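Trainee: Could we go through this structure together, with you telling me how each label is earned?

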Amino acid sequence: MGRLDALPPYLFSEIDAARDRVAAKGVDVVDLGVGDPDLPTPPALVDLMAEAVRNAAYHQYPSGRGDMRLRRAAAGFLRRRHGVDADPEDEILVLCGSKEGIAHLPLSLVTESDNVLVPDIGYPVYTQSAILAGAEPRTFTLAADRAFLPDPRALADLADGGTRLIWVNYPNNPTGAEAGEGLYAPLAELAAERRCVLANDAAYLEVSLDDHRPVSLLEAVDHRRNRVIEFHSLSKMFNMTGWRIGFAVGHPEVIGGLARVKETIDSGVFTAVQDVAAAALGRGAGELLGSVMAPYPERRRVVVGALAKAGLDVFSTQATFYVWARVPEGETSLGFCGRVLRDKGVVVTPGVGFGPGGEGWFRISLTASDERVAEAASRLEAL
Ligand SMILES: Cc1ncc(COP(=O)(O)O)c(C=O)c1O
């Protein structure tokens, strides 16, 4: 069997097709499926881009590991916001969006007989990229009774001499779960024992309610002593999903390995985009983030209130722009989400789209306008 044949089917394309079929019948469908912010990039950043794009020096190939201005800005941001001290020279790498780095990391670490530990429930790219790199993905469960945090003992049982990489994702998509202070140190210890890399996908680290600050892996674990790497994204921080910009930070050897893979595959991000990203991560970042995150608390309140009226349990969190809730007793997550689309014209994502562990749950993304979220909420109240 070829590697492509081993890739699991992509549920999200099927959901899009089902949405389009319902909309074609004239139903006013509210799509709370994909986590793609409805609001545009802040105008100040768009204005900077309009200027940067005229700079002819930026029309040539970007520089190797990313523009030094952006790497320095990322280091400054991590220091101010998380107290993390990272060297822009060899501990930070610019990415064409964090997904690109996440997908390429296994290529720098595995050979065919190796394995990668991935969470079930999880962003599908961890499994798919392990398969494309020729490694075996081994799943560990994130269960509701552990607040969707991994059990380090279960991970220790799963890891063996062929384990090269352990993935975690906090704050978590789709559950909104957050890593507490104590999660990362035992995981880093396990990774060190098994001589493998511990990676945290931190795409949602700055997506939180009311200035709440989830912790970075690098706040808890010294990245110079431990083979750890963390993936950051400007996509959801600054409503920049279309711009394709993110960065990785971590142990210099792990960063260096990923940089070598990328040298072969891409030639970096348009320098004008990097220029704007550097400005976004500068001293005004906190204020900018505050304005980008401002709509989410009220949208969450409206949706959580509607689900409570419908009698559904919601996993409580202050992180991410997702609401993770239980489907009614006796229904499957696919069956329930199909019913919500057919009967209410609202797209929500079945938990099984994130792995078998998501059975019994569904996800609502708060990335539609306030009006559309309120409209969906009023339809969901009477499920
Ligand atoms: C958990 C998670 N990680 C990473 C990404 C990728 O983000 P980007 O490539 O836009 O930085 C996403 C996007 O939805 C995500 O949900």
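Mentor: Sure, starting with helices and strands: these are DSSP runs, H or I of at least four residues for a helix and E of at least two for a strand, numbered from the N terminus. Helix α5 covers residues 98-104, and this helix gives the most to the shell around the ligand, with 3 residues. Keep in mind that this is a predicted model: local features need pLDDT of at least 70, side-chain atom pairs count only at pLDDT 80 or more, and totals for chains, interfaces and linings use all residues. Residues are numbered from 1 along each chain as its sequence is written, and side-chain values use heavy atoms, with hydrogens and water left out.

Trainee: Which residues come nearest to the ligand?

Mentor: There are 15 residues around the ligand, and D201, S233, S235, K236 and R244 come nearest. A residue counts as near if one of its heavy atoms lies within 4 Å of the molecule.

Trainee: What makes the pair of D201 and the ligand a polar contact?

Mentor: The cut-off is a pair of N or O atoms within 3.5 Å (within protein, one must be able to donate a hydrogen and the other to accept it, and residues adjacent in sequence count only if both atoms are side-chain atoms). A polar side-chain atom of D201 is 2.5 Å from a ligand nitrogen, so the pair qualifies. With N173, a side-chain N or O atom sits 2.8 Å from an oxygen atom of the ligand, so that passes too.

Trainee: And what does K99 use, backbone or side chain?

Mentor: Backbone: an N or O atom there lies 2.9 Å from an oxygen atom of the ligand.

Trainee: N173 again! What is the peptide bond from N173 to P174 like?

Mentor: That bond is cis, with omega near 15°. Another cis bond joins Y170 and P171, where omega is about -10°. P171 belongs to the loop between β5 (163-168) and α8 (184-193), and P174 is in the loop between β5 and α8 as well.

Trainee: How many aromatic pairs are there?

Mentor: Rings of Phe, Tyr and Trp (its six-membered ring) pair if their centres lie within 6.5 Å; planes under 30 degrees apart are stacked, over 60 edge-to-face, the rest tilted. That rule gives 14 aromatic pairs.

Trainee: Why is the pair of F148 and W361 called edge-to-face?

Mentor: Their ring centres are 5.3 Å apart and their planes stand at 85°, so edge-to-face is the right label. F148 is in the loop between β4 (136-141) and α7 (152-158) and W361 is in strand β12 (residues 361-365), so the pair ties together parts 213 residues apart in sequence.
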